[in-house]
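Grab a pencil and work through these short exercises with the structure open beside you. Try each task before you read its solution.

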Amino acid sequence: MIPATRYGTAQEMILAPATPEGGACLWRVRGRALVLAFMCSGSPGIAQDGNLLPVPSGQPVTLEDVLVDTNPGELWLRFRFVAPKIGDEVGGIGYDVAATDMEHLCQTLAIPYVEHHQLSPARVVISLSDRPVEFGNSSPDATQYFEAYRLDQSACIWEGL
């Protein structure tokens, strides 16, 4: 089964959608929408048990939303995931393990998404949060990890933030 997600832009008050000319179609909905039905059948990295995405650490990860952002002056795609087990507390998944999961999510979810929508983002940002956090809002109690990647010949190249 495909994970449910929201699509939108990083800036809700923009006048035009942040998509390349003649490019991707983004769906703006309240609640949830299906993520790329094409991914269900052929991609090994897509959810198989409900909305959970398989990652190397085995932690439960779900896709919260995909945002298109042109605020940095170029096209960035932000894939935001909820991973409730991340954090520094005892038994939590630390950054070192989560970084491997983020790279895996870039390879197995972001690359097929970009190819399907024929996008050319300057960066792909993968973020994990231990709870849903509205984009742009502060949540001091939330644990969040972020990584940025440049896509090169169907590979995610770590850029660091």
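## Exercise 1: a residue in a loop

Decide whether S154 is buried, partly exposed or exposed.

Solution. Start with the number: S154 has a relative accessible area of 45%. Next, bring in the cut-offs: buried means under 20%, and exposed means over 50%. S154, at 45%, is therefore partly exposed. To place S154 on the chain, look in the loop between β6 and β7. One more detail on S154: its phi is positive, near 60°, and it isn't a glycine.

## Exercise 2: another residue in that region

Find where Q153 sits, then say whether it is buried or exposed.

Solution. First, the place: Q153 belongs to the loop between β6 (144-151) and β7 (156-158). Then the accessibility: Q153 comes out at 77%. Exposed means over 50%, so Q153 counts as exposed. While you're there, check the backbone: Q153 isn't a glycine, yet its phi is positive, at about 50°.

## Exercise 3: far in sequence, but what about space?

Work out how far T70 is from P121, both along the sequence and in space.

Solution. Begin with T70, which you'll find in the loop between β3 (62-69) and β4 (76-82). Along the sequence, T70 and P121 are 51 residues apart. In space, going from C-alpha to C-alpha, T70 and P121 are 9.5 Å apart. As for its surface, T70 has a relative accessible area of 39%, so it is partly exposed.

## Exercise 4: the whole protein

Describe the overall layout: how many helices and strands are there, and in what pattern do they follow?

Solution. Count the elements to get two helices and seven strands. Now read along the sequence, and the pattern is β-β-α-β-β-α-β-β-β. Move on to burial: of the 161 residues, 45% are buried. Then take contacts between residues at least 6 apart in sequence: 64% of them join residues at least 24 apart. Finish with the surface: the protein exposes about 8500 Å², with carbon and sulfur atoms supplying 52% of it.

## Exercise 5: how far to trust it

Which stretch of the model has pLDDT under 50?

Solution. Remember that this is a predicted model. Overall, the mean pLDDT is 76, and 68% of the residues reach 70 or more. Now scan along the chain: pLDDT stays under 50 over residues 11-49. The model does give residues 11-49 some contacts beyond four places in sequence, 76 of them. But where pLDDT is low, the predicted coordinates shouldn't be read in detail.

Key. Residues numbered from 1 in each chain as written. Predicted model: local features only at pLDDT ≥ 70, side-chain atom pairs only at ≥ 80, totals over all residues. Heavy atoms only, no water. pLDDT = per-residue confidence, 0-100. Contact = heavy atoms within 4.5 Å. Helix = DSSP H or I, 4+ residues; strand = E, 2+ residues; numbered from the N terminus. Buried < 20%, exposed > 50% of the residue type's maximum accessible area, 1.4 Å probe, protein only. Areas by Shrake-Rupley, 256 points an atom, 1.4 Å probe, with all protein chains shown as cover.
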